[in-house]
Amino acid sequence: TILSLIVTKLVEIDVHIPKDELNRLESNTNVEIENIFPIDVDGERIQVDPEKMEVEVFSRTLDICLRRIFMYMKTTCHDSDGNLIWENTKSLYHDLISVFESEILPTYNSSHVQYIIYYFLSFKITLCENFCNWLWKKCCDVSFPSTLRQAAAGYLASFVCRAPFVSNRVLKNILSNISSWCINYINRVDKTVRVVTENLLRCHAVFYSICQSLFYIISFRHQDLMEGKRNLKFMENLNLSKIVICRLSPLRLCCSAVVNRFAYITKTYQLTYCYVVMDGHIRVTDQSVKDKLYSFFPFDTYVLPRSKDIIMSDLYRRFNDDTKKHTNIDDEDEDKELSFDDNMDISQNMSSTSSPTKTDWLELLVNQHQ
């Protein structure tokens, strides 16, 4: 379809934008695309760094295209009075899910193209619930490639945490499903574990990704999950202690930034105590294993300047820490907590250079601006 072709091209552009460029856009320095093309100064032709020009062409192209897609989806799914046109919305939802599964979900390290479906899902709560259920089914589907199951877990956690239009009912349903799945998995395989090494990550990669999603969601959404006796009872029924103390030792193998924050939150609310179990965190040396587990929170901050207002104005939840008002945290444990800043890009290997070899059409795009 045309939509699939467009998204495929945008995915290629997205993965060619290096981390340095995203950091530049986020810091709001030199955001406007100017002085990136050759200019005449006092009669002398001044050339600019072609790599810098290429990168900024990519980010500008992606920015403009995403804004137009957002506008297209809004006008397609709403009438002139702003009312949702459900038949159009249902049809577009099925198209987007298909494109997401074939083009976006398998793509590692994209930064913004996934916001196409994120923005669309903000149109109606039912769409959010369907998408979360779809992702969870992918996580549980043993016939699905393990790398895509891991990606689905990352998308599920990041979406539930960042999207303010996800209801608390959906949030709790997802947590209940994840914890039940983890406990069932532990019951099946935990007795076979003898020694905790990074080899466990290869054998049980999906388990660790799903555990990490559970830790991340609880750490990020604790304000909604811990408010009131009914919610605290729900959290107690998740049986987090069994997950924490199992022989598979997810606290020792999942990302330390997420694990430390989870330990801090669960002790704050007296749900479980993690610090003893965390001692001896395994240092993972296999880069491919780290890539798949540690660096995938796909809905990190949207920074493209021309289209960011559509997402960041009221469709994005930033991390907000109010645990300081609780007084049952020891200074020693508080020191162990790593910063859990708003941008959860925690990979140690995120390259600051462009991604793989350019395709011919991308080179053509750059050449048109030279």
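Is Asn-239 buried, partly exposed or exposed? In this predicted model, Asn-239 is partly exposed, because its relative accessible area is 35% and the partly exposed class runs between 20% and 50%. The residue is found in the loop that joins helix 12 (229–236) to helix 13 (240–245). Its backbone carries a positive phi, near 60°, although the residue is not glycine. Most residues other than glycine have a negative phi. Ser-249 is a further non-glycine residue with a positive phi, here near 50°. It is found in the loop between helix 13 and helix 14 (250–253). Ser-249 counts as buried, because its relative accessibility is 8% and the limit for burial is 20%.

The aromatic residues were examined next. A pair of aromatic rings is described by the distance of the centres and the angle of the planes. A search of the whole structure finds 28 aromatic pairs. In one of them, the ring centres of Tyr-118 and Phe-299 are 5.0 Å apart and the planes meet at 45°, so the pair is classed as tilted. Tyr-118 belongs to helix 5 (residues 115–121), whereas Phe-299 lies in the loop between helix 17 (287–294) and helix 18 (308–312); the pair therefore ties together parts that are 181 residues apart in sequence. Tyr-118 is buried, at 0% relative accessibility, and Phe-299 is buried with a relative accessible area of 0%.

Another pair is formed by Tyr-216 and Phe-297, whose ring centres are 4.3 Å apart. Their planes stand at 40°, so this pair is also tilted, since tilted pairs are those with planes neither under 30 degrees nor over 60 degrees apart. Tyr-216 lies in helix 10 (residues 205–220) and Phe-297 in the loop between helix 17 and helix 18, so that parts 81 residues apart in sequence are tied together. Tyr-216 is buried at a relative accessible area of 0%, and Phe-297 is buried at 6%.

Aromatic rings also take part in contacts with lysine. The charged end of Lys-124 sits over the ring of Trp-86, at 5.7 Å from the centre of that ring. Lys-138 lies over the face of Phe-144, with a distance of 4.6 Å to the ring centre.

Helix 8 (residues 168–189) was compared with its expected length. For its 22 residues, a rise of 1.5 Å a residue predicts a span of 32 Å, and the C-alpha atoms at its ends are 32 Å apart, which agrees. Buried residues of helix 8 include Val-170, Leu-171, Ile-174, Leu-175 and Ile-178, as well as Trp-181, Cys-182, Tyr-185, Ile-186 and Val-189. An α-helix has 3.6 residues a turn, so residues three or four places apart point the same way.

The cysteines were considered last. A disulfide is a covalent bond between the sulfur atoms of two cysteines. The search of the whole structure finds zero disulfides. Cys-182, at 0% relative accessibility, counts as buried. Its sulfur has its closest cysteine sulfur in Cys-211, at 3.8 Å; this is too far for a bond, because a disulfide requires sulfur atoms within 2.5 Å. For Cys-132, the closest cysteine sulfur is that of Cys-128, at 6.6 Å, which is likewise too far for a bond. Cys-132 is buried, with a relative accessible area of 0%.

Conventions
Residues are numbered from 1 along each chain as its sequence is written. This is a predicted model: local features need pLDDT of at least 70, side-chain atom pairs count only at pLDDT 80 or more; totals for chains, interfaces and linings use all residues. Side-chain values use heavy atoms; hydrogens and water are left out. Rings of Phe, Tyr and Trp (its six-membered ring) pair if their centres lie within 6.5 Å; planes under 30 degrees apart count as stacked, over 60 as edge-to-face and the rest as tilted. Helices (H or I, at least four residues) and strands (E, at least two) are DSSP runs, numbered from the N terminus. Buried means under 20% relative accessible area, exposed over 50%, partly exposed in between (1.4 Å probe, protein chains only). A charge sits over a ring if NZ of Lys or CZ of Arg is within 6 Å of the ring centre and within 35 degrees of the ring normal. The expected span of a helix is 1.5 Å times one less than its number of residues.
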